[in-house]
Each structure stands twice: as C-alpha cells, then as structure tokens.
Amino acid sequence: MLSLRKRYKDSLVFPFSREQVFDVVADIDNYRAFVPMCTDSRVLVGSERTKKADSINPATLRAEIIERRCIQAELAVGYPPFSERYTSVVELDRPWRVVATADPAGGLFKHMRTVWEFVEQGRESSAAATAAVGPADNVLVSFSVEFEFASPVHAQAASLVFDSVAKRNLTAYLGRCRQLYAK
C-alpha cells in the first residue's frame with residue numbers, strides 16, 4: 001500500500017537564547033498571529049508543571065532545571081473561509097524540546113507529529129548581532145514534521161502547498177522572535 005505520509009526537516013541558527021525561542025514555540029495561543037496557514041490557535045487544557053528534573057548537559061557540564069508540561073491544544077489550518085480544526089497533545093520540555101502529536105480521532109490526520117529541538121550554540125560575538133539583539137546566545141533550532149491526512153482530498157490539496165508552507169515555517173518563528181526580543 002502506498003503511503004501518503006509527508007516528512008519535512010529543517011534547521012536554522014536563531015540569534016536568541018534557547019529559552020526565548022522555546023517560549024515562542026510554546027506560545028500556542030498566538031500562533032494565529034504569525035504561523036503560516038494557522039487561522040486559529042488556543043490551549044484547551046494545560047497542566048501545571050508536571051515534573052522538574054535536574055539534568056546535566058554533557059556539552060557544558062552544567063546542571064539545568066528542565067520543566068516538563070503536557071497540554072492539549074486546538075489549531076485551525078487553511079485559508080479563510082476554508083479551515084480545518086484538529087487537537088494535539090503538546091509535550092513541553094523547557095528549554096530543550098516541544099513535541100506535538102495530533103489526535104487521530106479528530107479526523108483531519110491519520111498521523112501528525114511535529115518536533116522542535118533547541119541546542120545552544122554559544123555566545124554571539126559579532127558587533128552587528130550584538131547591536132541588533134544585544135548579547136545573546138545562539139540556538140540551533142531543529143524542526144521536523146511528519147503527517148498523513150485521513151482524507152485523500154486533504155492530502156491532494158496539501159500536496160500543492162506543503163513544501164512552500166514547510167519552508168516558511170522556521171522563518172515565521174524567527175520573525176516572531178525578532179518582533180518580541182530585538183530591541
């Protein structure tokens with residue numbers, strides 16, 4: 001059987017701290033303001049901090065507090081007036097990763113999983129970068145999405161715009177970071 005599953009991976013260095021980028025990715029309520037094709041977004045159910053753990057980052061040998069939360073969110077995607085809603089379980093491992101998995105019972109996706117990972121890259125030393133955002137850590141942002149629509153009609157429509165939207169995704173988040181954190 002032919003799989004209609006699509007995959008996309010990309011990464012980009014952001015001139016912001018890992019925590020700043022994490023906060024933008026975790027700010028689901030505001031996705032509709034900057035994420036391509038997102039027409040609505042909201043957190044439905046959010047847990048309080050479910051676990052705090054000390055972790056050692058082997059690259060820097062320093063202890064960090066990792067905050068883990070799990071929330072449920074609803075997003076609508078499409079072009080108005082046409083949009084489809086789906087819910088996802090979102091795991092927030094601050095400041096390392098955000099993983100969203102769509103609920104297949106929602107009907108839009110057979111499978112959808114999005115993974116964001118954030119890896120510090122060290123202090124920025126260029127004068128231009130320092131002037132633009134102040135002294136900041138760089139963070140390598142890795143983004144991957146894998147999905148398969150439940151409906152062949154949705155799969156066909158998505159295939160027409162998937163590559164274009166996926167490629168704009170990282171730059172949309174970078175733009176949001178600049179809007180919020182660049183002075």
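**Exercise 1. Aromatic pairs**

Determine how many aromatic pairs the count comes to in this predicted model, and describe the geometry of two of them.

*Solution.* The count comes to 12 aromatic pairs. Take Tyr31 and Phe34 to begin with: their ring centres are 6.0 Å apart and the angle between the planes is 80°. Planes over 60 degrees apart count as edge-to-face, so this pair is edge-to-face. Next, check burial. Tyr31 has a relative accessible area of 9% and Phe34 has 14%; buried means under 20%, therefore both residues are buried.

Now take Phe109 and Phe147, with 5.9 Å centre to centre and 80° between the planes, again edge-to-face. This pair links distant parts of the chain, since Phe109 belongs to strand β7 and Phe147 to strand β8, 38 residues apart. Phe109 and Phe147 are both buried.

**Exercise 2. A cluster and a neighbouring helix residue**

List the members of the aromatic cluster, then find which residues Asn169 touches.

*Solution.* One aromatic cluster is formed by Tyr8, Tyr31, Phe34, Trp116, Phe143 and Tyr173. Asn169 is located in helix α3, residues 152–181. Leaving aside residues up to four places away in sequence, Asn169 touches Val35, Pro36, Trp116 and Phe143. Trp116 and Phe143 are also members of the cluster. The relative accessible area of Asn169 is 10%, so Asn169 is buried.

**Exercise 3. Strand β8 and its partner**

Establish how strand β8 is covered and how β1 is joined to β8.

*Solution.* Strand β8 spans residues 137–149, and 10 of its 13 residues are buried, so the strand is mostly covered. Strand β1 (residues 6–14) runs antiparallel to β8, and nine bridges join the two. Within this pairing, Ser11 stands opposite Ser142 in β8.

**Exercise 4. A loop residue**

Is Ala105 buried or exposed, and how far apart are Ala105 and Thr87 in space?

*Solution.* Ala105 is in the loop between β6 (97–102) and β7 (109–123). Its relative accessible area is 70%; exposed means over 50%, so Ala105 is exposed. The C-alpha atoms of Ala105 and Thr87 are 9.0 Å apart, with the two positions 18 residues apart in sequence numbering.

**Exercise 5. The whole chain**

State the order of helices and strands, and the share of buried residues.

*Solution.* The chain has three helices and eight strands. Along the sequence they follow the pattern β-α-β-β-β-β-β-β-α-β-α. Of the 183 residues, 41% are buried. Among contacts with a separation of 6 or more, 60% are between residues 24 or more positions apart.

Key: Residues are numbered from 1 along each chain as its sequence is written. This is a predicted model: local features need pLDDT of at least 70, side-chain atom pairs count only at pLDDT 80 or more; totals for chains, interfaces and linings use all residues. Side-chain values use heavy atoms; hydrogens and water are left out. Helices (H or I, at least four residues) and strands (E, at least two) are DSSP runs, numbered from the N terminus. Buried means under 20% relative accessible area, exposed over 50%, partly exposed in between (1.4 Å probe, protein chains only). Contact means heavy atoms within 4.5 Å. Two strands pair if DSSP finds at least two bridges between them. Rings of Phe, Tyr and Trp (its six-membered ring) pair if their centres lie within 6.5 Å; planes under 30 degrees apart count as stacked, over 60 as edge-to-face and the rest as tilted.
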